[in-house]
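Trainee: I should like to understand how the terms applied to this structure are justified. May we go through them one by one?

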Amino acid sequence: MNYKQALNAKVGWEKQSKPMIKSMLDDIKRGISLNTEELKGHQDDLKSLKEEDVKTTDESVREAIRSKLNRTGWIIQHTMLGIKRDKQLACFLSYSYNGDLENAVKYLHKFKETSFEWIEDDEKITTSFVLHDWFDKKDHVREDAYNQMCKHCKNDINMVESIMKDLSFVMSDVVEDVLKAGQRMNKRKGKKHRG
C-alpha cells in the first residue's frame with residue numbers, strides 16, 4: 001500500500017462513510033422511538049384485555065380473550081426484542097463513527113446474536129404475523145412477513161459487516177504507519193502537512 005491509497009482510504013472514511021453512518025444512526029433512533037410508541041400501544045391493549053378477561057363470565061368469550069392475550073403478549077416480546085436489536089445497532093454505529101474498534105466489534109456480535117434470535121422461526125411469525133414495510137407502504141403477512149424480516153436482517157448484517165471491514169482497515173496499523181511515513185516524507189521534501 002502506498003501513501004496515496006492510505007490517504008484515500010482515510011479520507012473516504014471521513015468524507016463518505018462517517019456521514020452515511022450518522023444518517024443511519026439518526027434513522028435507527030427514529031425507528032426506536034416509533035417502535036417504543038408501538039410497544040406502549042400493545043401494552044395498553046394487553047392491559048385492557050386483562051381487565052376484560054376479569055369482567056367476562058362467558059367461557060367462549062373468555063377463550064377468545066385469552067387467545068388475544070397470548071398473541072398480544074408474543075407481539076410485545078417480539079417488539080421488545082426488535083427494540084433491543086435496534087439499540088445494539090445504534091451502539092455499533094456510534095462506536096464505529098467514533099473509531100472505537102473494540103466496542104464496535106463487541107456490539108457487532110451482540111447485534112448479530114439478537115438478529116438471529118429475532119428471526120428465529122416461530123410458528124406465530126409464519127402463521128399470524130403482519131409486518132408493515134415503511135418503504136413500499138405495504139403489509140406483509142405470514143410467510144411473506146417472515147421472508148421480509150429475514151431479508152431485512154440479512155441486509156442489516158451485511159451492512160454492519162461492511163462497515164466493520166472498512167473501519168478495521170482504516171484503523172489498522174498499516175494505514176496509520178503509511179500515513180505517518182508519508183507525512184514525514186512530505187515534511188523532509190518541504191511539502192505542507194496533509195491528512
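Trainee: What follows helix H2, and what is the sign of its phi?

Mentor: Glycine 99 follows H2, and its phi is positive, near 75°. H2 is called a helix because helices are DSSP runs of H or I with at least four residues, numbered from the N terminus, and H2 has 39 residues. This is a predicted model, in which local features need pLDDT of at least 70, side-chain atom pairs count only at pLDDT 80 or more, and totals for chains, interfaces and linings use all residues. Residues are numbered from 1 along each chain as its sequence is written, and side-chain values use heavy atoms, leaving out hydrogens and water.

Trainee: What makes lysine 22 and aspartate 26 a salt bridge?

Mentor: The term requires a side-chain nitrogen of Lys or Arg within 4 Å of a carboxyl oxygen of Asp or Glu. For lysine 22 and aspartate 26 the N to O distance is 3.5 Å, so the pair qualifies. Both residues lie in helix H1, 4 residues apart, about one turn of the helix.

Trainee: Why is lysine 22 called partly exposed?

Mentor: Buried means under 20% relative accessible area, exposed over 50%, and partly exposed in between (1.4 Å probe, protein chains only). Lysine 22 has 39%, and therefore counts as partly exposed. Aspartate 26, at 28%, is also partly exposed.

Trainee: How do you know that glutamate 161 and lysine 112 form a salt bridge?

Mentor: Their side chains meet at 2.7 Å, N to O, which satisfies the rule. Glutamate 161 lies in helix H5 and lysine 112 in helix H3, so the pair ties together parts 49 residues apart in sequence.

Note on methods
Helix = DSSP H or I, 4+ residues; strand = E, 2+ residues; numbered from the N terminus. Expected span 1.5 Å × (residues − 1).
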